[in-house]
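Student: Could you take a close look at one part of this model with me? I'd like to start from how its contacts are spread along the sequence, then see how that part relates to the rest.

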Amino acid sequence: MQIKPILAALRRHKSGTILIALQIALTLAIVCNALFIIEQRVSRLSRTTGMDETNVIAIANRYVGPGTSFTPTVKTDLAAIRNLAGVEDAYATNSYPLRNGGWSMGVRLKPDAKKEITSTTLYFIDDHALKTLGVKLIEGRNFNAGEVISLDPRNSTSLPQVIITKALAQKLFEDGKALGKTIYLSQEGKPSTVIGVVEKLQVPWVGTWAGKFDQNAAMLPAILDSNYQNFVVRTRPGQQEAMLKALPKTLYATSRMRVIPEETGIRTFEQVRARAYETDRGMAILMGIVCAVLLAITAAGIVGLSSFWVGQRRKQIGVRRALGATKNDILSYFMTENFLIALGGVIVGSLLAVGMNQWLFTRFEMERLSLTYVAVGVVALLALGQAAVLAPALRASRVSPVEATRTV
Amino acid sequence: MFAYYLQLGLRSLRRNPMLTALMVMAIGFGVAASMTTYSVFRATSRNPIPQKSDVLYMVQVDNWGPENTEKGEPPDALTYIDAVALGRAKQAHRQTAIYPIGPSVIPDDPSRLPMRQGAYAVGADFFPMFEAPFLQGGPWTTEDDDKHASVIVIDRKLNDKLFNGGQSVGKQVNLDGRLFRVAGVIDEWNPQPRFFDVVNTGGFDDPPGLYIPYSRAVDLQLPTNGNNNCAKDPGEGWDNYIRSECIWNGFWVELPSKADAVAYKRYLEGYAAEQQRAGRFSWAPNVRLRNVMEWLDVQHVVPPESQISLAVSLGFLVICLVNTVGLLLAKFMRRAPEIGVRRALGASRRTIYAQFLIEAGTVGLAGGLLGLILTGVGVLGVGLVFPKDIARLATLDPTLILLTLVVAVAASLIAAFYPTWRAAQVQPAWQLKSN
């Protein structure tokens with residue numbers, strides 16, 4: 001391949017060369033990081049909760065009035081909900097996966113240990129919860145109705161029995177065998193014995209800060225004696241629409257002294273999920289649009305400048321053709337020229353991409369860019385350059401040798 | 001001459017519609033992306049109370065010590081003990097403790113359902129400090145604070161719902177079965193970011209509907225509706241809770257001059273030292289006094305999504321500009337013979353500059369108009385990426401419209417600078433000869 005003459009020619013078109021290379025470099029830097037952001041967000045929002053999410057409805061309920069104990073009211077409400085024909089099961093809790101608000105607590109294996117081993121979320125549930133959530137119990141047993149107590153949330157949160165997730169069991173015990181062992185859920189707290197292990201259950205938060213313990217959940221058998229309760233309801237198949245209407249009616253019929261917020265009071269779990277990952281999905285879409293438009297504009301820029309160059313060099317092309325160069329020679333000349341420029345661009349661009357990621361890393365605690373993304377970006381941009389230059393290069397190869405004799 | 005060059009420019013743009021469209025689109029997309037993300041950034045980084053932001057300070061006192069804090073930064077809230085001690089000391093011009101509560105209003109009309117309200121427990125100074133706009137009545141008095149009085153300030157919306165917007169000062173409001181006398185009604189008031197409660201709202205939330213005295217709220221054992229953090233188990237019951245080292249209170253002071261701020265900081269250090277001597281803290285005084293903008297900055301009110309997307313779209317704009325430079329260069333240099341003729345006929349370099357910059361300016365203006373439309377679409381789409389409390393703050397107001405056009409034209413002129421310079425360098429003799 002005749003690289004030397006190409007380099008010599010490029011030296012006479014410094015500004016155009018630099019402009020294309022610069023554009024490719026900047027595009028690479030942004031596209032790499034945007035793709036990386038997309039991948040992170042998408043992998044975050046495609047996590048599963050461990051629940052069977054279809055046919056689940058979540059209700060946010062706040063009792064009104066200066067009541068001293070709310071537990072009896074909660075029990076009455078639960079009985080009314082479970083009595084509905086379209087309801088399979090239901091329970092009351094402080095929080096559930098993806099709710100974006102709940103309790104986190106450090107877990108210890110010794111009560112006097114200064115440092116906690118890991119963090120976990122606390123779900124206060126009853127014996128109906130596992131069935132309602134559709135969570136799979138893989139070891140031990142469920143709570144029984146007699147173990148479920150009424151608990152003042154301002155008091156100690158430790159209870160004698162606890163069910164934990166497999167992920168938490170594996171973090172706490174090297175062999176992952178937690179059944180029958182004792183854990184401590186607060187520094188001065190009482191011991192809790194692990195009576196069951198479930199396969200998987202996600203924490204309420206989806207943010208980065210909870211990423212390190214997003215599968216660590218500890219379930220305790222209690223109804224929190226608080227005026228704020230979440231009811232989680234599993235409806236019978238095909239009954240969801242009807243139950244969305246029937247549930248508030250039933251609750252208000254039991255007692256009017258409550259507030260169920262209009263917009264967020266009663267939601268299907270699909271709505272809960274959509275709301276939880278709204279920002280992640282939006283960010284991924286935004287970055288996707290940015291990538292697409294950016295690549296289109298860069299391609300268009302290459303087409304524009306290359307066409308200009310072809311137009312400028314018609315006479316030289318004619319001379320080369322007259323001297324015996326084939327159409328293919330001309331075509332490959334422009335393709336190679338573009339490849340060389342793009343190569344310069346992607347080398348600078350790779351450095352820029354890593355630099356930009358470094359900035360995002362220090363500023364926003366984003367993860368390190370994996371070099372696969374840079375490699376993919378490099379290949380994509382080189383291919384884009386070749387594709388963009390193809391049309392002008394073909395036009396150049398069609399320049400007839402007669403051009404050499406013209407004066408323009 | 002300007003009109004003539006404009007005409008020339010338009011004609012030249014028409015001669016090459018593909019290239020022109022490409023430039024207009026590049027500028028349009030670049031500007032629209034930047035302006036849309038800027039509208040969010042502007043909304044989240046703005047000063048919520050510009051006239052007083054440098055005399056209002058948030059107080060932090062480290063009651064947890066180096067073991068439970070990170071990088072020496074004191075916790076972002078106070079204990080009840082500290083909030084009350086600082087409130088009693090009255091060392092500032094004005095001061096208020098604050099925490100969010102979640103009461104339900106029970107309407108007198110039994111056919112209506114109870115309503116839940118965003119609400120705060122605050123001191124009497126809260127209202128003049130933060131310039132809450134009163135429609136009727138006024139704030140309660142500091143005597144009401146001291147007497148733990150059952151008084152309430154409601155906002156216009158709640159007044160509309162409960163009293164049909166009529167005079168309500170002196171009337172009663174039923175909160176969870178307890179009666180409060182209305183001291184005043186404020187207009188709809190929702191400074192964003194909500195600097196006085198960033199910790200619990202992240203800065204953006206629906207307007208609070210009512211306010212009651214802090215002292216009364218604590219009497220009623222109303223728990224915080226926001227974050228409560230305990231380094232240790234507080235023990236059982238409300239009395240143990242408020243005597244514990246659990247943090248859940250905000251504390252704000254108004255200090256009219258820099259000297260006041262220095263004096264107050266010294267007072268805080270003295271207070272912490274006193275606690276250390278009393279054996280409550282086993283570490284040296286570690287206090288902070290931050291004004292509104294410093295506090296918003298420390299609390300990272302601007303969401304990372306906003307900053308990242310702004311940075312990415314500014315990079316996008318730069319790429320569009322580089323692209324435009326290349327296309328303009330191609331376009332202008334193609335007309336080298338024409339330039340040569342004009343120069344030979346006596347046109348100065350300056351007139352060449354004028355002609356080509358005006359042409360580029362037209363492209364910029366067209367790009368700006370396209371950018372404006374796209375920004376409009378973008379602002380509507382902000383809700384797809386950002387929470388609704390933030391999305392509704394991003395609006396296409398006159399400032400943003402003007403900014404969009406100015407940025408588009410300025411960007412295209414900057415992009416045109418190098419190609420125009422090249423055009424002006426065209427040697428008339430050489431062009432004429434080769435023809």
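Tutor: In chain B, take the contacts between residues at least 6 apart in sequence: 79% of them join residues at least 24 apart. Two residues are in contact here if their C-beta atoms, placed from the backbone, lie within 7 Å. Bear in mind that this is a predicted model, where local features need pLDDT of at least 70, side-chain atom pairs count only at pLDDT 80 or more, and totals for chains, interfaces and linings use all residues. Residues are numbered from 1 along each chain as its sequence is written, while chains are lettered from A and ligands numbered from 1 in the order in which they are written.

Staying with chain B, you get 18 helices and twelve strands, counted as DSSP runs (helices are H or I, at least four residues; strands are E, at least two) and numbered from the N terminus. The C-alpha trace of chain B spans about 100 × 60 × 35 Å along its principal axes. Its radius of gyration is 31 Å, whereas a compact globule of 435 residues would come out near 22 Å; that rule is 2.2 Å times the number of residues to the power 0.38, and the radius is taken over C-alpha atoms. Buried residues make up 45% of chain B, buried meaning that 20 or more other C-beta atoms, placed from the backbone, lie within 10 Å of the residue's own.

UniProt, in an unreviewed entry, annotates residues 20-267 of chain B as "domain: MacB-like periplasmic core"; such annotations may be inferred rather than shown by experiment. That span is 34% helix and 21% strand, with its end C-alpha atoms 66 Å apart.

Now for the partner. Chain A has eleven helices and 13 strands, and its radius of gyration is 32 Å, against near 22 Å for a compact globule of 408 residues. The assignment splits chain A into domain 1 (3-45 + 279-404) and domain 2 (65-256), with bounds that come from an automatic or database domain assignment. The centres of those two domains of chain A, over C-alpha atoms, are 54 Å apart.

So where does chain B meet chain A? The contact takes 40 residues from chain B and 43 residues from chain A. On chain A's side, the elements giving two or more residues are helix H2 (14-45), helix H8 (278-312) and helix H10 (327-364). H8(A) gives the most, with 16 residues. By class, chain A's side has 23 nonpolar, 16 polar and four charged residues; Ala, Val, Leu, Ile, Met, Phe, Trp, Tyr, Cys and Pro count as nonpolar, Asp, Glu, Lys and Arg as charged, and the others, Gly among them, as polar.

The unreviewed UniProt entry lists "transmembrane region" for residues 18-38, 283-310, 339-361 and 373-394 of chain A. Of these, residues 283-310 of chain A are 100% helix, with end C-alpha atoms 40 Å apart.

One last thing is the nonpolar core, a set of buried Ala, Val, Leu, Ile, Met, Phe, Trp, Tyr and Cys residues joined through C-beta atoms within 7 Å. The largest has 242 residues, and those with the most contacts inside it include Val59(B) and Ile152(B) as well as Leu28(A) and Ile164(A). H2(A) gives the most to this core, with 16 residues. Leaving aside residues up to four places away in sequence, Ile164(A) touches Ala169(A), Ala178(A), Val194(A), Val197(A), Ala217(A) and Ala218(A).

How values were computed: A residue is buried if 20 or more other C-beta atoms lie within 10 Å of its own, exposed if 12 or fewer, and partly exposed in between; C-beta atoms are placed from the backbone.
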